[in-house]
There are 2 protein chains.
Amino acid sequence: MFEVFFSQVKDKVLISEQEQNLVKTFFSPKKIRKKQYLLQEGDVCKHLAFVEKGLLRSYSVDEKGTEHMIHFAWEGWWMADILSFLSVEPSTYFIDAIEESELLLISFQGFEEMLLKVPVMERYFRILFQNNIISKERRLIQSLAYSAEEKYLHLLANNPKLVQKIPQNLIASYLGITPETLSRIKRKITQ
Amino acid sequence: MFEVFFSQVKDKVLISEQEQNLVKTFFSPKKIRKKQYLLQEGDVCKHLAFVEKGLLRSYSVDEKGTEHMIHFAWEGWWMADILSFLSVEPSTYFIDAIEESELLLISFQGFEEMLLKVPVMERYFRILFQNNIISKERRLIQSLAYSAEEKYLHLLANNPKLVQKIPQNLIASYLGITPETLSRIKRKITQ
DNA sequence: AAATAGTATTGACCTATATCAATCAAACCA
DNA sequence: TGGTTTGATTGATATAGGTCAATACTATTT
């Protein structure tokens, strides 16, 4: 159950067997079906979810009912509304499963306690958050400075797995463009 | 010199006098004039800069020579190209002073050593990075889902200090719109 | 296997925002 | 202090990408 998890952790920090066993106690496994919600708007995000298997997405829905993709997470990645989770405020997001998935959940109390009892996990999350900042910053610059076509080409070059795994209408939303525009861009690139 | 710094740190974690004295040894103060560069594209970002006083900006410049504002930092905030700093790769950003500023600089080695020797600073940065993720995510959603006018209204509501302190052409760039469009939005809102 | 729902493509048209250019206002500095 | 650079406003025009609608394609369900 924790194979993917600890292989990810070990990519970033050194962790002993003993520490691993302690860390395990803070998590509970959960299976989630396709289209099932992990979080709905208005609810507090009570867990960080690590994806052992499968595929999740997070998104917001505006007044017109349009969905805006925020993140995708598959094997080896985390998913949560970090704002809601940390501030214990109602979320403005939805999180659901694009594919049937296996998750490891940790609660807010569990998270805080784990970081204090296992300092190496404090370090792991600091590094994780650093990386997250970097990738968000990249995406932000792209959304500010690039045309729709440039954004798609960058995604293809830098995150081909995402383009493979995720339906096009969701990719369009992730890039902040319409599915029609993405379809036209693809045609233009291919011909 | 460290007044603003430790008041910020104490907002997030408990830190002893002893720890404070140790932390101080990792930083060096630096004064920087208006328009002076702290970082130029192609150089590795060798320091995290804490702003004790003044105002900095970071921005990228595209092939057409257009500047895209990434961040602003004034009293109590950090500034760096975190990607370049952490990965020790050449930066794609510029950082310069909008106003004459007083900074506290810490090198990469200093940073790593400080986090290991003063675990409470590991915690401080984990929290700092958390908050950074949250604000970047907010900005990202706005850039994807909101119109130019909505983005400006949100900025006014949520970051009025930024709107006060920063020239309009830079605010426009920060929002990913042109100065002309921002000017028109302001007129529309006011009348 | 048919029926249904979801997803992608294409075309016609529209609108928000960019671009270009001129003027105006303010800030800097020699 | 007047001249020069820098930033803001306004107008005219162009365009990338959105919207709406029809059709085609692909999965999923019964």
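**Exercise 1. Contacts with DNA strand C**

Task: In this predicted model, find what a polar side-chain atom of B:Arg184 approaches on DNA strand C, and at what distance.

Solution.
Step 1. Start from the side chain of B:Arg184: one of its polar atoms lies 3.5 Å from a base oxygen of DNA strand C.
Step 2. Turn to the phosphates. The side chain of B:Lys34 places an N or O atom 3.1 Å from a phosphate oxygen of DNA strand C.
Step 3. For B:Thr178, the distance from a side-chain N or O atom to a phosphate oxygen of that strand is 3.0 Å.
Step 4. Put the two kinds of target side by side: B:Arg184 addresses a base oxygen, while B:Lys34 and B:Thr178 address phosphate oxygens.

**Exercise 2. The protein surface near DNA strand C**

Task: Determine how many residues surround DNA strand C, and which helix gives the most to the surface near the strand.

Solution.
Step 1. Count the residues with a heavy atom within 4 Å of the strand. DNA strand C is surrounded by 16 residues. The closest are A:Gln168, A:Asn169, A:Arg184, B:Ala148 and B:Thr181.
Step 2. Look at the DNA side. Of the atoms of DNA strand C that come within 4 Å of the protein, 62% belong to sugar and phosphate.
Step 3. Sort the surface by class: seven residues are polar, six charged and three nonpolar.
Step 4. Assign the residues to helices. At least two residues each come from helix 8 (168-175) and helix 9 (179-190) of chain A, and from helix 9 (179-190) of chain B. Helix 9 of chain A gives the most, with four residues.

**Exercise 3. The interface of chain B and chain A**

Task: Describe the interface of the two protein chains: what area is buried between chain B and chain A, and which helix of chain B gives the most to the side that touches chain A?

Solution.
Step 1. Take the contacts: 35 residues of chain B meet 35 residues of chain A.
Step 2. Take the area. About 3400 Å² is buried between the chains, and carbon and sulfur atoms give 67% of this.
Step 3. List the polar terms. There are eight salt bridges across the interface, one of them joining the side chains of B:Arg123 and A:Glu112 at 3.4 Å, N to O. Residue pairs in polar contact number 13.
Step 4. Locate the elements of chain B. Those that supply at least two residues each are strand 4 (67-74), helix 3 (82-87), helix 4 (108-117), helix 5 (119-145) and helix 8 (168-175). Helix 5 of chain B gives the most, with 18 residues.
Step 5. Classify the chain B side: 19 residues are nonpolar, eight polar and eight charged.

Technical notes. Residues are numbered from 1 along each chain as its sequence is written. Chains are lettered from A and ligands numbered from 1 in the order in which they are written. This is a predicted model: local features need pLDDT of at least 70, side-chain atom pairs count only at pLDDT 80 or more; totals for chains, interfaces and linings use all residues. Side-chain values use heavy atoms; hydrogens and water are left out. A polar contact is a pair of N or O atoms within 3.5 Å; within protein, one must be able to donate a hydrogen and the other to accept it, and residues adjacent in sequence count only if both atoms are side-chain atoms. Ala, Val, Leu, Ile, Met, Phe, Trp, Tyr, Cys and Pro count as nonpolar, Asp, Glu, Lys and Arg as charged, and the others, Gly among them, as polar. Contact means heavy atoms within 4.5 Å. Buried area is the accessible area (1.4 Å probe) that two parts lose on being put together, summed over both. A salt bridge is a side-chain nitrogen of Lys or Arg within 4 Å of a carboxyl oxygen of Asp or Glu.
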